[in-house]
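Trainee: I would like to take a close look at a single part of this protein and see how the rest of the chain is arranged around it.

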Amino acid sequence: MNRKKSSSGVLPTTLDLFEQPFLAESKRREPEAAETGLLPSVDELYRRFQQYNIKYFAGKLPTPRIRYSQRMLCAGQYIRSRQEIVMSRKYHEVFPQDIDDTLKHEMIHIIHFNHSADFKREAARIGASVKAKTHQTLRMQPRYVYQCRACKTEYPRRKRLISASCGKCSPSRFDPKYKLVLKRKLR
C-alpha cells in the first residue's frame, strides 16, 4: 500500500501520479439518477475513453465531456463546439454490445469531423464501424403523408415538404407536373 507523506520535500511516486483523477475539475459530473444496470455508467465510459485513447491514439485526444441522452435515436454524436460525446441510451438499450464501438467511432470524430476517407481508414485501423445499426423502435413516426397525383404513390414524411416531386414519375429532378400533395396529417 502506498502512503502519501505530508512532507513537502517528498516527490510523488509513480503510483501517486496514477492515483490522481484523470479528469479536470470542469469535466466532473454528478451521477445520473436514471442510470440503468444495462449500460455502463458515465464514469465507466470515461475510463474506457482513456483506455482507447492510450491504446489507439497514443493518449493524444483531449478528454471531452461524455453523457447519455434519453431522446437521441442515433447511436452517438460528437459535438465539436461543446467538446462533448453524447451516447444514446435508447439505441444502446437495444444494442448494448455496441457501446464500445460507438465510443470509438465518436473518438475518431474528434480528429476527423466528417465520414471522409481519412475517417474510414482510421475506423478500419481501430476496428470501429462507420455506420450504426437500424431498429424499428429507433424510428420516429411520420407526421405527414404525401401523394403523387399521377401514380398515387404515398410518401410518409416526418417533416413538411415545400416542393418535392414523385421519385417514380420524375426520378432525376424536381418536376412541378408530379409535385407531391399533402394527403393527410397524422398528428
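In this model, is helix α4 (residues 99–111) mostly covered or mostly open, and how many of its residues are buried?

Mentor: Bearing in mind that the model is a predicted one, helix α4 is mostly covered, with 11 of its 13 residues counted as buried. Those buried residues are Ile99, Asp101, Thr102, Leu103, Lys104, His105, Glu106, Met107, Ile108, His109 and Ile110, and the elements that cover them include the helices α2 (42–57), α3 (89–94) and α5 (117–126) together with the strands β1 (65–69), β2 (76–79) and β3. To place these in the chain as a whole, there are 5 helices and 6 strands, which follow one another along the sequence as α-α-β-β-β-α-α-α-β-β-β. Of the 187 residues of the protein chain, 35% count as buried.

The three strands that help to cover α4 belong to an open sheet with the order β1-β3-β2 and mixed pairing. Its edge strands are β1 and β2, each of which pairs on one side only, and neighbouring strands are turned by 20° against each other on average, if direction is ignored. Between β1 and β3, which run parallel, there are 5 bridges, and within this pairing tyrosine 68 stands opposite methionine 87 in β3. Helix α2, itself among the elements covering α4, lies across β1 and β3 and runs at about 135° to β1.

Serine 88 gives a closer view of β3, since the strand spans residues 84–88 and includes this serine. With a relative accessibility of 0%, serine 88 counts as buried, because the cut-off for that class is under 20%. Its C-alpha lies 5.7 Å from that of tyrosine 68, although the two residues are 20 apart in sequence. Once neighbours within four places in sequence are left aside, the contacts of serine 88 are Ser69, Met72, Leu73, Cys74 and Ala75.

Returning to the helix, Lys104 is one of the buried residues of α4, and this lysine lies over the face of tyrosine 52, at 5.5 Å from the ring centre. A second charge placed over a ring is that of arginine 125, which lies over the face of phenylalanine 57 at 5.8 Å from the ring centre.

For context, the chain also has another open sheet of 3 strands, ordered β5-β4-β6 with antiparallel pairing. Here the edge strands are β5 (154–157) and β6 (180–185), each pairing on one side only, and the twist averages 30° from one strand to the next. Strand β4 (residues 144–148) is joined to β5 by 4 bridges, and tyrosine 146 has tyrosine 155 of β5 as its bridge partner. Tyrosine 146 also forms a tilted aromatic pair with tyrosine 144, at 6.5 Å centre to centre and 45° between the planes. Both rings belong to buried residues, because tyrosine 144 has a relative accessible area of 9% and tyrosine 146 has a relative accessibility of 3%.

How values were computed:
Residues numbered from 1 in each chain as written. Predicted model: local features only at pLDDT ≥ 70, side-chain atom pairs only at ≥ 80, totals over all residues. Heavy atoms only, no water. Pairing = 2+ DSSP bridges. Helix = DSSP H or I, 4+ residues; strand = E, 2+ residues; numbered from the N terminus. Axes fitted to C-alpha atoms, helices over the stretch in contact; angles between N-to-C directions. Phe/Tyr/Trp six-rings, centres within 6.5 Å; stacked < 30°, edge-to-face > 60°. Buried < 20%, exposed > 50% of the residue type's maximum accessible area, 1.4 Å probe, protein only. Lys NZ or Arg CZ within 6 Å of the ring centre and 35° of its normal. Contact = heavy atoms within 4.5 Å.
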